[in-house]
Amino acid sequence: VASSASWSTAQLAEFLAAVSGSLDVPAARQSAVERAAEAFGADVGAIVDGGFAVASIGFPRDAVPHAELAASGDLDVPGVGACARLAAPVDDGAVLLVARDPDEPFTREEESLLRAMGRVLSLSLRTLGVLADRREREALLERLTEAQRSVVDRSGLDETLAAIARGAAELVGAEGAAVRFGGRLAAGHGAHHLPAVLSVALHDPEGIDCRIDVAGSRPYGESERDVLRAFAEHASLALANARNHADAVHRALHDPLTGLANRVLFRERLEHALERCPRSGKEVAVLFVDVDGFKAVNDRHGHALGDELLVELAGRLRALLRVEDTAARLGGDEFAVLLEEVDDGAGAIHVAERVLEALQRPVQIDGHDVTVGASVGIATGRRFADDLLRNADFAMYQAKAGGRGRYALFEPEMHASALGRLSLEADLRRAVERGELFLHYQPVVGVKTGLVSGAEALVRWRHPQRGVVPPGDFIPLAEESGTIAEIGRWVLQEACRQGAEWQRRWPEFRVGVNLSGRQLAEPQLVADIDAALAATGLRPECLVLELTETVLMRDVDEAAARLQEIRRRGCEISIDDFGTGYSSLQYLLRFPIDSVKVAREFVDGLDLGGDRATLARAIIEFAASLGLNTVGEGVERPEQVACLAALGCEYAQGFLLGRPVAADELTALLEAAPAQAA
Amino acid sequence: MARNFNRWLAVGRSSACEAGPAGTEAARAALVADDARLLIVFCSHRYDLSTLLAAIDAESGGAPLIGCSTAGEIATGGPGDAGVVVVALGGPGFSVRTTAAAGVGRLREAGAEVAAAVAELEPREHQALLLLSDGLSGDQQEIVRGAHAVLGGGVPLVGGCAGDDLEMRRTFQLHGGQVLEGAVVGAAIGSDAPLGIGVRHGWRRTGEPLLVTRSQGTEVLELDGRPALDAYFDRLDVPAEARDDADAFTRYSLTHPIGMARGRGEHQIRFIGGGDFERRSLQCIAEVPEGATAWLMEGDADSVLDATDAACADALGAIDGADPLGLLVFDCIARRGVLGDGIATEVDRISDQAQGAPVAGFYTYGEIARTRGVNGFHNQTLVVLAVA
């Protein structure tokens, strides 16, 4: 069972969630012994402190053998028999122990898991019930979840190390952190070259001296050291898993004969390459390579020689590619090549020619001179992996049809779509001056009052030929082409104008405007806000500027400075889609924030219970503890409103409470309820 | 019926349509002596249950009783539907205490309350707690946790979740003359001879493990970061018709459940009741927590029947070579789905293993068996209690 990629990290995450969800110390202890016993398949679980079992499971409630539990060696369990025990320190002499059938000895992985559980428990017990510590616990939970995710994602060792360094730095809010093996830097995050101010050991399964050094200029206290120690225990497990599974992952993703990528990995790399296209502005090329005459070789010389031939051809294929390109064996005598970031078909054709040349050179095997050839089909593009694979396959058949030893380039309507995109980009650039953009407003409603307190402005584009283009289609284009800055300025101006109009009739009405990353990066932004407020007369405190976590995290220092400036003017700063980014809660505290909008995916599960509801509750409580307002997004069911109200969330937004509508429709809505926006 | 100098166990059944005559017939057949200590009733939810209990009570003269509605009853002659099976345990070698507790929203407390009956038993060398509950009322492992916290590891837990012929709406638990819903009923059994328990599922792992990256209760949304249904399709050789037809999918998923690594014991099986083709999710019958490691499992008639033999052998092995008085079986309804008409074969095989002793039980919505460790709630398993 322990062969699972993340058995122990998953167990620890479940343990942490259960223990930190407890309301008091006895409940946390009881939950700890139960979870530990379940995780280890143990007959007994206990916490022993000062010779007394302060929590236990496995004995009748009224017959807990305190002295035996506090002793060492095998444990006699009534009705079960002798059990072997494993113990780990919790705090000040207290230990967490589990015991089970001695025929199932505890493994090293289990030893480190229990040690990690002990640390986590000690941290949770010590910090239970104190506000600042709850935040710490949540930050820890978040970091641990992230470390787990990096293992789940089948990341390599390097990525796991990088995640550990980053996690450590963010957990204690340090400028940087490094992971060192035997004194050598293995992974660094941020300003990791600064002097180490806090250092904890990682338990490496191979026994190498291994540590996390937190770097920075400020001193750290004992509580931060504790947090970091608990993190290090967890990271140790992630590290062990990453090592154990690097091999398994390699096997799952590679062709055992040639060592090339298999179809699964090829497909995955292709999709990643396609995702990078918008940023690089380049294309991806797929080459399908079919070996000509392979069957004849196999028939004449046997499979063993056929296999050797494939290994040799695979080696040649790999040798002529750049590191960033991928060669794969898709099956039989079929290979594929992925070329990332090519400018056009010409680059791919060049590679195809070299492939043909390399594969038709004679191969010496077992004293035989074997000659085969190949046919290559090429397809290039920026989107849709399936289309690319199909097109390359099609082109390969075209090449074969034209005679062996040839390549063919698939000629799709690629040009047409590229042109279409260019023209849309040009149209978008003119959209502002032609007045084709307009705003819809989605009401924000007070959870307790049920009254509209404001609205979020959402931009729409009415294209003269295409009709209304969905924001999902033109916002990314605008981001890429830089048009977003101009669009953003217009939205700000127009939303302030409309907001001021509403404000004259409903003085407390607030209007929300989304800021893009590019806008935040421009020093011009503050002047734009000043200008919009001055021109429209909207009171600054009625303008809510909404940013996503991702936008904030691009350049933290610059963003923090700019937001301070904006906040000095009295405007409200709100974090959009809160909870979906992976930013640390502590990190967010660097920004001057007034409110958070809880992402719909958390609100979604609120009335259904489960982990998501727990997270939503944690987010709202966390926000409240910082004095922040909360807005629940994506509300679709009345039950969700009730849950939000019960959690003390002030505002809500979503289809249930009002879809985005034109300004005059919202005005009508406000007029229909004269006591609005009080 | 089988008996020795101080203990006996007998089974009666009836397939009469009317509750009164059915109860009378089954009880009369089971009550072979006048010192019954416990009656266990497994019956169709379609009966008028109060009438049924009254008829049984009239025959037994008020012997302690627990029972539940089912998704089919089992007795020595084979599986049955829409009938009633009554098991009677009697003789001075048994001591029994029955209890009932409301379970909805308080499953852990209910488990603890029912377990408290063990302390009131007239002392006997061997003990077990038989539990019947409402599997539609939440995470049944909570009942096991509650009972285990009171009893410790020394008292085995065994039993199953009531059924309603796969309507999945309401199940009933029976205690004395009471017809309950959402309840946990228990019989603490003390015996001069051993009570042996076996539990097996008969599924095999296929391929590499998957991580449950997103789930909400019983709905699995993502496996390994991908939509769960797509990951399921990719890993298994799902036939084309099951990829877009809900019924065909369920027929397939019945034999390809999820197995979770919980602790270090045998896998915990989670039956996949359906796929949501829009949300690309898998709908399971019991909770699949986020962060759990899961395998896709496969099985067929042979592996299910192998598990039957193994569970019986485990239970019989645990009574130290004594002759069984009878076998009580708690058999997941999903296993019946795998075997189809071959289900009669399973009951025959259990009877063969019973060496002539009577067999009784029912098709369940979840099984309880805890002998070692703390995990005790199962899906898609056969649980066998051998009474010596």
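A nonpolar core is a set of buried Ala, Val, Leu, Ile, Met, Phe, Trp, Tyr and Cys residues joined through side-chain atoms within 4.5 Å. Keep that in mind as you click around, and remember that this model is predicted.

**Stop 1: chain A as a whole**

Show chain A by itself. You'll find 24 helices and 25 strands here. Of its 678 residues, 53% are buried. Chain A exposes about 29,000 Å², and carbon and sulfur atoms supply 51% of that. Now think about who touches whom: among contacts between residues at least 6 apart in sequence, 65% join residues at least 24 apart.

**Stop 2: the largest core**

Select Y441(A), I529(A), L543(A), L545(A) and I566(A). These have the most contacts inside the largest nonpolar core, which has 76 residues. Next, color helix α15 of chain A, residues 484-505: this helix gives the core its largest share, eight residues. In soluble globular proteins, nonpolar side chains tend to be buried together.

Zoom in on I566(A). Which residues does I566(A) touch, leaving out those up to four places away in sequence? Light up L525(A), V526(A), I529(A), L545(A), C571(A) and I573(A), and you have them.

**Stop 3: a second core**

There is also a separate core, with 54 residues. To find it, pick V155(B), L305(B), L327(B) and V347(B), which are among its members.

**Stop 4: a strand with two partners**

Stay in chain B and select strand β25, residues 367-370. E367(B) and A369(B) point one way, while I368(B) and R370(B) point the other way. Are these four buried or exposed? All are buried.

Now add β10(B), residues 157-161, which pairs with β25(B) in the antiparallel sense over four bridges. Look for G159(B): its bridge partner in β25(B) is I368(B).

Then add β26(B), residues 377-378, which runs antiparallel to β25(B) and is joined to it by two bridges. Here I368(B) stands opposite F377(B). The hairpin of β25(B) and β26(B) has six residues between the strands, and G373(B) takes a positive phi near 65 degrees.

**Stop 5: the cysteines**

Finish by selecting C161(B) and C312(B). Both count as buried, because C161(B) has 0% relative accessibility and C312(B) has 0% as well.

Why does C161(B) form no disulfide? The closest cysteine sulfur, in C68(B), is 8.8 Å away from the sulfur of C161(B), too far for a bond, since a disulfide needs the two sulfur atoms within 2.5 Å. Over all chains, the disulfide count comes to zero.

Technical notes
Residues numbered from 1 in each chain as written. Chains lettered and ligands numbered in written order. Predicted model: local features only at pLDDT ≥ 70, side-chain atom pairs only at ≥ 80, totals over all residues. Heavy atoms only, no water. Buried < 20%, exposed > 50% of the residue type's maximum accessible area, 1.4 Å probe, protein only. Contact = heavy atoms within 4.5 Å. Pairing = 2+ DSSP bridges. Areas by Shrake-Rupley, 256 points an atom, 1.4 Å probe, with all protein chains shown as cover.
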